[in-house]
Protein chains: 2
Amino acid sequence: MVNKMVNNNLLDEMAKILKKSNKQTVKQKKIIEVAITLFAEKGYSNTATSEIAKMAGVAEGTIFKHYGTKENLLLSIMVPFIKDFFPTMADELIGELMNDKCTFEEFLRAFLTNRIAFISENREIFQVVIKEIIYKEELKNEILPYILEAASVRLVKVIEIFKQRGDIKDIPNDSILKMLGTVMSGFFISNFILLNKKSISEDAIEDIVFFILNGFGQSPQ
Amino acid sequence: MVNKMVNNNLLDEMAKILKKSNKQTVKQKKIIEVAITLFAEKGYSNTATSEIAKMAGVAEGTIFKHYGTKENLLLSIMVPFIKDFFPTMADELIGELMNDKCTFEEFLRAFLTNRIAFISENREIFQVVIKEIIYKEELKNEILPYILEAASVRLVKVIEIFKQRGDIKDIPNDSILKMLGTVMSGFFISNFILLNKKSISEDAIEDIVFFILNGFGQSPQ
DNA sequence: CTTAAAAGTGAGTGTTTAATCACTTACTTT
DNA sequence: AAAGTAAGTGATTAAACACTCACTTTTAAG
C-alpha cells in the first residue's frame, strides 16, 4: 500500500549515467558484447581487461576512456538488465492478465513463459548478474534489497486478487511469497546457471506450473 | 539399479591426498579456518594468500608448504564437504527411515531437517562450495555431474518406495527428481547464500514440507 | 643428548593487472 | 582554414599477486 520510495543509490545513479551516453559507438558495443561473454563464462574477477580489449579488437585504453574503471564496466552491463527485468515488461503483462478474468493457472503459465523468454534472450547477462550478486557481498547488499522489494510489490497485488477469486488457498501472503520466490529463483538458477540451459521446453514449464498448483503428494492433507 | 562406478578423478584423487595427511597441526587448522571465512565472504578470487597468512598468524610460506598451490587449498576445503554431504549421513538416515513404515511426509520432514542441520553447521563451507561451483566453469563441469549422480541414485530409491505405498502421485521419476532438485537447491541457495540465513526455523521447514506435499492451488486439477 | 625429519619463516622473484597519460586521428562547428 | 571535441591508441607504471627458497625452529624417536 505505502509506496516506499526506496532511492537505491547505486542503481539509480548508474541508470542516470547510462542515460547520458546513449549513443554507443561500434567499438563500445563490441567491448560490452565481449565483456558479457567473458564475464559470464569465467567470472568478472577472472577476466582481465587486456583480454577484453584484445578480443574486442580495441586498445586497452579505450575501455578506460569510456568506462573509467573495470567495476564500472560491470555495472554498465548489470544495471540495465536489473532495471528492465521487473518494471517494464512484467507490469504490462500483469496489467493485461488482470483485466481479463483469467485463472491463476493461466496467469502463472503466461508469467513464467514471459519471464523465461526474457532470460533466454539475455542468458549471458543473467548469468553475469546472478554470479556477481552471489560472489560479491557488497554488490549483493546493494542490489538484492531492490530486487526483493520490486518483486514483492508486484506479486503481492497478484496474489491478493487471486485469493479473492478463490484460486489460491488462504495462506499468509508472506509464506506464499517466500515459496514462490524460492521455487522460481531456484528454477531460474538451476536451469540457466547450474545446468546452463539455453531455453526451457514447454513441457518443463507445464511441469513447474503443475507443481506450483498441486504439489505431488497423493492426498492433500 | 546399475551401479555406474563413476570414477570422479578430481574428487577421488583429492580425497586420497587428504587422507594421507590426516594429522593437522594447529597452524594448519588455523589456515583452513581463516581460508573458509575469507573465501565465503569475498570469494576465492578476491582473497589473497598474503591476507590468509596474516589473519591466521602464519608466514605465507607455510601455506604453500602444506598445500602447494592456492587452488589446492580451495580443494582441501571443498572436497571433504562434498564427499560428506551425500554419502555418509544421508544414507544412514534413508536406511533408518525406510525400515520404519513412515509416511512420505514424515520422511520429507526428517530428511530436510537433517540436511538443513548439516548445512547450518557447515554454513561457510557450503557457501564456498556453491559460490565456486557457480563461478568457475571448469570446476562446475567436474563436480556437478558427481553431485547430480549421487543425489539421483539415492532419491530414486526413496521415490520408488513411496510410489508403491501410494504416497506419491504417479508422475515420471524424472519429473519428480527435477522438481525436488529445483525446489531443494532453490531453498538452500536462497536461504543460505542469497539471504545469508544462519539457521532455518521449524515453521519454515513446515512451510516447504507442506508446499512440496500440496502446492497451494485451491482445487487440485 | 643427538639427530634427522618435519614445520615454519620471511625476504625475494617474476608476472599479471588495472589504470594512466601524452598523443594521434577524424569529424564537426565557426 | 582555424578551432574545438570526442574517440581511440599503446607504451608505461605502480601495485598486487602467487609462489620459491635458503634458512631457522620445533618435534620426537633412538
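These are my notebook entries on a predicted model of two protein chains and two DNA strands.

**Entry 1: the fold of chain A**

I began with the secondary structure of chain A, where I counted ten helices and zero strands. Read from the N terminus, the elements of chain A therefore run as α-α-α-α-α-α-α-α-α-α, helix after helix. I then looked up burial and noted that, of the 221 residues of chain A, 49% count as buried. For the contacts in chain A between residues at least 6 apart in sequence, I noted that 71% join residues at least 24 apart.

**Entry 2: how the two copies are related**

Next I asked which rotation superposes chain B on chain A. I found a rotation of 180° with 0.0 Å of shift along its axis, and the RMSD of the superposition is 0.1 Å. The two copies are thus related as by a two-fold rotation axis. I also looked up which residue of chain B has its C-alpha nearest that axis, and I wrote down G186(B), at 1.8 Å. The same surface serves both copies, since 100% of the contact residues of chain B recur in chain A.

**Entry 3: the surroundings of DNA strand C**

I listed the residues around DNA strand C and found 15 of them, with T49(A), K70(A), K27(B), T62(B) and H66(B) coming nearest. By class, I sorted the surface near DNA strand C into four nonpolar, seven polar and four charged residues. I then looked at the DNA side of this surface, and of the atoms of DNA strand C within 4 Å of the protein, 62% belong to sugar or phosphate, while the rest belong to bases.

I wanted to know which residues place polar atoms by the phosphate oxygens of DNA strand C, and I noted three cases, among them contacts from both chains. A polar backbone atom of T47(A) is 3.4 Å from a phosphate oxygen of this strand. For K70(A), a backbone N or O atom lies 2.7 Å from a phosphate oxygen of DNA strand C. On chain B, H66(B) uses a polar side-chain atom, which lies 2.8 Å from a phosphate oxygen of DNA strand C. I then asked which elements give two or more residues to the surface near DNA strand C, and I found α4 (60-67) of chain A together with α4 (60-67) of chain B. The largest share, four residues, comes from α4(B).

**Entry 4: the surroundings of DNA strand D**

I repeated the search for DNA strand D, which 15 residues surround, the closest being A59(A), T62(A), H66(A), T49(B) and K70(B). Sugar and phosphate account for 62% of the atoms of DNA strand D that come within 4 Å of the protein. The residues of this surface divide into four nonpolar, seven polar and four charged.

Which part of DNA strand D does the side chain of K65(A) approach? I found a polar side-chain atom of K65(A) at 2.9 Å from a base oxygen of DNA strand D. An N or O atom in the side chain of T25(A), in contrast, is 3.4 Å from a phosphate oxygen of the strand. From chain B, a polar backbone atom of K70(B) is 2.8 Å from a phosphate oxygen of DNA strand D. I noted that α4 of chain A and α4 of chain B each supply at least two residues of the surface near DNA strand D, and that the largest share, four residues, comes from α4(A).

**Entry 5: two residues of chain B**

I looked up I77(B), whose place is in helix α5 (residues 70-85) of chain B. Is I77(B) buried or exposed? Its relative accessibility is 5%, so I77(B) counts as buried. Leaving aside neighbours within four places in sequence, I77(B) is in contact with I32(B), A35(B), I36(B), F39(B) and I125(B). I also noted that the C-alpha atoms of I77(B) and E33(B), 44 residues apart along the chain, are separated by 9.3 Å.

N191(B) lies in helix α10 (residues 173-194) of chain B. At 6% relative accessibility, N191(B) counts as buried. Beyond its neighbours within four places in sequence, N191(B) is in contact with N196(B), K197(B) and I200(B).

**Entry 6: cysteines**

Last, I searched the whole structure for disulfides and found zero over all chains. C102(A) counts as buried because its relative accessibility is 9%, under the 20% cut-off. C102(B) is buried too, with a relative accessible area of 9%.

Terms used:
Residues numbered from 1 in each chain as written. Chains lettered and ligands numbered in written order. Predicted model: local features only at pLDDT ≥ 70, side-chain atom pairs only at ≥ 80, totals over all residues. Heavy atoms only, no water. Disulfide = S-S within 2.5 Å. Buried < 20%, exposed > 50% of the residue type's maximum accessible area, 1.4 Å probe, protein only. Near = heavy atom within 4 Å. Polar contact = N/O pair within 3.5 Å; in protein donor to acceptor, adjacent residues only side chain to side chain. Nonpolar A, V, L, I, M, F, W, Y, C, P; charged D, E, K, R; others polar. Least-squares fit on C-alpha atoms with pLDDT ≥ 70 in both. Contact = heavy atoms within 4.5 Å.
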